[in-house]
Amino acid sequence: MNSQIDVFVHRDVVEFADGVYWIGALDPTLRTFDIILSTANGTTYNAYLVKGSDGVAVIDTVKKNFSDEFFARLESEVDYSDIKAIVLNHLEPDHTGALPELMRRAPQAKLYISRRATSMLKALLKPTTGAFEYTTVNTGDTVELGDRTLRFLHTPFLHWPDTQRTYLEEEAVLFSGDVFGCHYCDKRLFNGQVGDFRFSFDYYYAHIMRPFKKHVMDALKLIEPLRLKLIAPTHGPILRERPRRYVSHYRELSTSSLATEIGNSDQSMIIFYMSSYGNTARMAEEIAEGAGDLDGVRVSIWGETEPFVDLIEEADALLFGFPTINGDAVKPVGDLLSSLAVVNLKGKLGGAFGSYGWSGEAVRMIEDRMRGLKMHIPREGLRVKLIPTEEELEACRSFGLQIAEVLTGKSSEKRGIDFADLM
Ligand code: FEO
C-alpha cells in the first residue's frame, strides 16, 4: 500500500455515542462492487461495538480481506472474553467476512440473526466452522447488556431476505445495515464532516433498494416511530446530523408519484416501440387505440427505448413492440430490457408485438424476458408479416383492448397461469 493511501485509510476507533464505537474498515480504492456497482469513491465496511455494564456486542463485521484492521480496532477496546453477543444484520460477505475468525476468538459469544437468515448462516459457515449455535430474533426481541438494550426490527428483503435492523434504545442509535448506506469512503466518517455524498446515497438506493420499495415502506413503518439520534449504516457516512432527513428521503424515493398524477382508480399502460419502416409503429398506434377505448386505462405511447425506468416502474402494464432483424431483437431492446433489472416488475401485465420480414423471433424473445422478470403475459404476442392489413390492424386493436380488460378486471376470461407466477 502506498503512503498516500495509507494516510487516507488510517482511522482510529471512534466512540460516537456513549459506549458505542466504529470498528469498521475503509476501502478507498474499490472501483466496482458486486460486479455491477460503480464505486468511484471506494466504500467502507462499517462494524460497531456496543459496551454495556454486563457485556459487549459486536454489530456486523467486515469483508474478509479487511479482517486484520477490524480485529486490531476491536482489540484496542475490549478483550474477546468480554464479547457477549454478535449481531448480524445482514449476511452478505462484505459484512460477514471476519465472522468465522471472530467466532473462533470469542467462542462464548452468542450469534443473533433474523429468522430468515438461518440457511444463509449455515451455508456461510460450513467450510470453516464446526457445530455452532445461534438465536433467531424478530421485531421487538431484545438483547440485554446490563445498562444497554439492543432491540431488533425484522425488515427482510433490504436487500436480501435475511436483513434486519438493530436499535440501541438508550442512545437512540439505529444500526441500519445497508439501508441508509452508500458506497462513499471518507475517513472523517460522519455526514456533517465528509464530502458531498448525495450522489452516492441516491445511486446506492437506486441500484440496491429500489427493486424492494414495498419492503422499504414496510421497514419505514418500524423505523419512523423511533427516537433517532444517529443512524449507523454498514456502508458510507454515519448519519449524525439530522438523521431523520434520510428517513424521509427514503420515503420520498419509495413513493409512487403516478397515483397522485392520474388517480388511484385509473390503470397505466405504457407502449414502447421501435419501427424500421413504420409497420410496428402502426401496430402500436392501433393497440393504443384499442386499449384506450376502455374507461379506466391511461395509455402512453413511446417511440423510443430510452430507459424510462421511472415510467416503467410505476406502470401497471407494459407493451413492447419491436421488429425482428436477422433473427434477433434489435440492440436497443436488449438495452431497455436489461435496464429493468433495477425495478420490481413482478405481477405487472406485459405484452409483445412487432412486424417482421421472414422469421419474427423478437416477439417471443421479449415475452421470455418479461416472464423472466416475473411479469404476467395475459395474451400471446402479436406478429404481423411486413405491412399490416386492415384485418391485422383490427387484431391489434383487439389485442390492446383485451389486455386493457385484463388490466381493469373487466375480462371474462381467467388470467392464465404463467410459470413466473409459481416462483
Ligand atoms: Fe453491504 Fe448487502 O451488503
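A residue is called buried here when its relative accessible area is under 20%. By that criterion, 52% of the 423 residues in this predicted model are buried. The C-alpha trace spans about 80 × 45 × 45 Å along its principal axes, and the chain contains 14 helices and 23 strands. About 18900 Å² of the protein is exposed, with carbon and sulfur atoms supplying 50% of that area.

Contacts give a further view of the fold. Of those between residues at least 6 apart in sequence, 70% join residues at least 24 apart. As for charge, 60 negative and 47 positive side chains are present, and the centres of these two sets lie 3 Å apart.

One part of the structure makes a good starting point for a closer look. Here, 5 strands form an open sheet in the order β18-β17-β19-β22-β23, and their pairing is parallel. The edges are taken by β18 (297-302) and β23 (382-385), each of which pairs on one side only. From one strand to the next, the twist averages 15°. In general, the strands of a sheet are held in pairs by backbone hydrogen bonds, in either a parallel or an antiparallel arrangement.

At the β23 edge, the neighbouring strand in the order is β22. Strand β22 covers residues 349-356 and pairs with β23 in the parallel sense over 4 bridges. Within this pairing, S355 has V384 of β23 as its bridge partner. Helix α13, residues 362-372, packs on the sheet and touches β19 (317-321), β22 and β23. The direction of α13 makes about 165° with that of β22.

Key. Residues numbered from 1 in each chain as written. Heavy atoms only, no water. Helix = DSSP H or I, 4+ residues; strand = E, 2+ residues; numbered from the N terminus. Buried < 20%, exposed > 50% of the residue type's maximum accessible area, 1.4 Å probe, protein only. Contact = heavy atoms within 4.5 Å. Areas by Shrake-Rupley, 256 points an atom, 1.4 Å probe, with all protein chains shown as cover. Lys, Arg positive; Asp, Glu negative; His and termini not counted. Charge placed at Lys NZ, Arg CZ, Asp CG, Glu CD. Pairing = 2+ DSSP bridges. Axes fitted to C-alpha atoms, helices over the stretch in contact; angles between N-to-C directions.
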